[in-house]
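Visitor: Please take a close look at one part of this model, the salt bridges that join distant parts of the chain, and set out what surrounds them.

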Amino acid sequence: MKLRIVPKEVFEVMDLNGQFNYHWSPDAVFSLVGLGTSYLLEFFEFYGDAISKYYDRFVKNSAFEDDRFHTFISQERRHAAAHKMLNLFMTKKYLPPAREKYHPRVYDFMYPTYKEFVEPIIAGIEGDAAKGMTLDSPHFREALKSIAIFETEVCMAAFSFFENLFDKGKITHIINQSQNLGVLYLFGYHYAEEMEHCHVSIETYETIYGEKLWTQKEVDDYLNNADILTRRIINATLFVARELGADVSVRQIAFRLPAKNRMVAVGFNANDPQINSKIHYFVEKWDSEWEPLLRAKILEEIKRRRAA
């Protein structure tokens, strides 16, 4: 796993000012969904960072410690920082996100998610720890499971992103049609790293608790219930659309989201040879071909603007 950085020129061409254009992809609704997702990515990556501190307390120096977990969390911190700039711009008419007891940055429209999801888990871990519980804390176990489920979802979203926008020569068309190469780059960078570390959180849970994450029961629960992301992406996208003066319906948003029954299967693990091969292919293409091409186009755009 690499610790990549987002070059400063990416934010320069992103136009976080009066010239901001949200059409980073040719599909206007999909562009809005991506910007809504940006808030969820920032929110859950700060949540993962909070859980990592309990990982250090409960797992460090034990037989279950895995150095890859710290690299994974380091990537997540960088992702959150990169999305923070974009997200703050889109909420510029509002107060900055609030610091809550168990999360450093909660936007107003994310507060229900904080109260119903983050606070009960972390408060539960704190209560369990006060009773002397560590790995046997049911709340810590639930925290690791929730991170692994979230990472699985984002990994699958990354597959969809690269398959539909970049692979098999599509990137040239997307770059030519994109009206915000900075946002396009941000998602490409983020999803490359998400694929790269997807297996870590799954294996962390499975190693510590001696069971598969994606059992038949877990898959059935996932397919039959509202998952972590879908409802929250819809809400965040509606917020973004209102702020940007765009008209979009819930149905239009839902249509752009990947079908849940294509996301996971029983026993899913990103280190499965077939899945791992797919990840390696996309990450290598990002590093060797797609990222250099996109960055070169960004530099060309900056040069053109400065000459105008």
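**Salt bridges across the chain**

Guide: Arg4 and Asp287 form a salt bridge through their side chains, with an N to O distance of 2.9 Å. Arg4 sits in the segment before α1 (8-14) and Asp287 in helix α11, so the pair links distant parts of the chain, 283 residues apart. The model is predicted, and side-chain atom pairs count only at pLDDT 80 or more. Arg4 has a relative accessible area of 11% and is therefore buried, whereas Asp287, at 26%, counts as partly exposed. The pair does not stand alone: Lys2, Arg4, Glu193, Glu196 and Asp287 are linked in a network of salt bridges.

Helix α11 spans residues 273-307 and also holds Glu284. Glu284 is partly exposed, at 38% relative accessibility. Its C-alpha atom is 8.9 Å from that of Ala192, although 92 residues separate Glu284 and Ala192 along the chain.

The count for the model comes to 28 salt bridges. Another of them joins Glu243 and Lys93, whose closest N and O atoms are 3.7 Å apart. Glu243 belongs to helix α9 (residues 230-243) and Lys93 to the loop between α3 (67-90) and β1 (98-100), so this pair ties together parts 150 residues apart in sequence. The two partners differ in accessibility: Glu243 is buried at 15%, while Lys93 is exposed at 62%.

A further salt bridge is formed by the side chains of Glu211 and Arg141, at 3.0 Å from N to O. Here the loop between α7 and α8 (216-224), which carries Glu211, is linked to helix α5, which carries Arg141, across 70 residues. Glu211 is partly exposed, with a relative accessible area of 32%, and Arg141 is partly exposed at 30%.

Helix α5 covers residues 138-165, 28 residues in total, and reaches 40 Å from its first C-alpha to its last, close to the 40 Å expected. Of these 28 residues 20 are buried, so α5 is largely enclosed by the rest of the structure.

The nonpolar core gives the wider setting. The largest one has 104 residues, and Tyr47, Phe140, Phe162 and Phe166 touch the most other members. Helix α7 (residues 181-209) supplies the largest share of this core, 16 residues. Beyond its neighbours within four places in sequence, Tyr47 is in contact with His103, Phe117, Val118, Ile121, Ile122, Ala143, Ser146 and Ile147.

Key: Residues are numbered from 1 along each chain as its sequence is written. Side-chain values use heavy atoms; hydrogens and water are left out. Helices (H or I, at least four residues) and strands (E, at least two) are DSSP runs, numbered from the N terminus. Buried means under 20% relative accessible area, exposed over 50%, partly exposed in between (1.4 Å probe, protein chains only). A nonpolar core is a set of buried Ala, Val, Leu, Ile, Met, Phe, Trp, Tyr and Cys residues joined through side-chain atoms within 4.5 Å. Contact means heavy atoms within 4.5 Å. The expected span of a helix is 1.5 Å times one less than its number of residues. A salt bridge is a side-chain nitrogen of Lys or Arg within 4 Å of a carboxyl oxygen of Asp or Glu.
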